[in-house]
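Reader: Please take me through the terms used for this model, and justify each one against its rule.

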Amino acid sequence: MFGFVLGEMWQGLRRNASMVISVILVTFVSLTFVGAALMLQFQIQSMKTYWYDRAQVAVDFCTDLSTSPDCSAGVATEEQIAAVEAELTGPALSPYINEYYFETQQEAYDRFVEQFKDDPMVSFVKPEQLNQTFWVNLVDPSDSEIIVQTVSGMSGVESVTDQRQFLDSIFAVLNGASLAAFTIALVMLVAAVLLVATTIRLSAFSRRRELRIMRLVGASNGFIQAPFILEGVFAGLVGSLLASGAVIGGAHWFVQGYLAPRMPGVQMVGVWPEAIITASVLIVLGVLLAAISSWVSIRRYLRV
């Protein structure tokens, strides 16, 4: 009986080869978009964990050039700086702080020159124009607001900045790209499901005489439906395997082979576990959608 079902499935695939190839290609493209969106989400979460853990809170002190109302008294004095440090090491804030260090104006200038050594504007910047700063690493970066609220407004403090706010705009763009990929993938998946349903109905129509004979001899609906469902599953499986191969290949050759060496400061997604997990999801999704679409399509056809 199983051999007969497989034979019928193979016969259906041969009769509708062009439609089956179309289903495979549409499934491949749509699932590749799904895989790309999933990999992008993995990359965003990886970057968030990496950068958020390293994001610092910067406590900048007033300079001669500060225009903030909190700096109306002029350059921050040593007593004001010591008062802020006492607050950072006090019982209220110290449980939230992993470590901190003080950067003088000369150290800030040296770092500025190192970062922008090829930029002509370096010649216009002097050490006294830059802020003295406490750089604070937190035990939990999400507690940054506690530091900001406590230290802001203290005498001599120009501003307190959580570096995570600069990262949020970057991740917003990446999330937008991921959402766009998911949207395109959803449209393509709908097209794939409809194409599977059409292919199965055409296959059933081309074999309507055999179906009538099978029903006359008392074959069960499950036995009649099985070859058609397997046709859809076969096309979905091949399309999902191609998409999985594209995702794994992209992670290996493009992400790890091309991007990772050129972006040494960024932890990039890899074949394991991100691409393997994504490929598993794609295979299950492709087979499941094809099976459900085929089952619904042939079930409606047999009712006619």
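Reader: Why is D162 called buried?

Author: The relative accessible area of D162 is 13%. Buried means under 20%, exposed over 50% and partly exposed in between, with a 1.4 Å probe and protein chains only. D162 therefore counts as buried. The model is predicted, so local features need pLDDT of at least 70 and side-chain atom pairs pLDDT 80 or more, while totals for chains, interfaces and linings use all residues. Residues are numbered from 1 along each chain as its sequence is written, and side-chain values use heavy atoms, leaving out hydrogens and water.

Reader: What makes the contact between D162 and R164 a salt bridge?

Author: The N to O distance between the two side chains is 3.4 Å. A salt bridge is a side-chain nitrogen of Lys or Arg within 4 Å of a carboxyl oxygen of Asp or Glu, so the D162 and R164 pair meets the rule. R164 is also buried, because its relative accessibility is 18%. In general, side chains of opposite charge can pair when their charged atoms come close.

Reader: How many salt bridges does this rule give?

Author: The count comes to two. E103 and R111 form a salt bridge with their closest N and O atoms 2.8 Å apart. E103 counts as buried because its relative accessibility is 6%, whereas R111, at 35%, counts as partly exposed.

Reader: Where else does R111 appear, and what makes that site a pocket?

Author: R111 is among the residues closest to the centre of the largest pocket, together with A58, D60, W135 and Q163. On a 1 Å grid over the protein atoms alone, a pocket is an open set of points with protein on both sides within 12 Å along at least five of seven lines; in a cavity a 1.4 Å probe fits but cannot get out, and lining residues have an atom within 4 Å of a point. The largest pocket has a volume of about 420 Å³, and 20 residues line it. Helix α4 (105–115) gives the largest share of that lining, four residues.

Reader: What is the makeup of the lining of the second largest pocket by class?

Author: This lining has 11 nonpolar, four polar and no charged residues. Ala, Val, Leu, Ile, Met, Phe, Trp, Tyr, Cys and Pro count as nonpolar, Asp, Glu, Lys and Arg as charged, and the others, Gly among them, as polar. For the largest pocket, the classes are 10 nonpolar, six polar and four charged. The second largest pocket has a volume of about 260 Å³, and α8 (221–262) supplies seven residues, the largest share of its lining.

Reader: How many cavities are there, and what lines the largest?

Author: The structure holds four cavities of 30 Å³ or more, and the largest contains about 70 Å³ of space. Its lining includes T27, L189, V193 and G286. Helix α6 gives the largest share, four residues, and the lining has seven nonpolar, three polar and no charged residues.

Reader: How do you know that residues 179–202 are helical?

Author: Helices are DSSP runs of H or I with at least four residues, and strands are runs of E with at least two. Residues 179–202 are 100% helix and 0% strand, with the end C-alpha atoms 35 Å apart. An unreviewed UniProt entry lists this stretch among its transmembrane regions; such annotations may be inferred rather than shown by experiment.

Notes:
Points joined across faces, edges and corners; volume = space filled by probe spheres on them.
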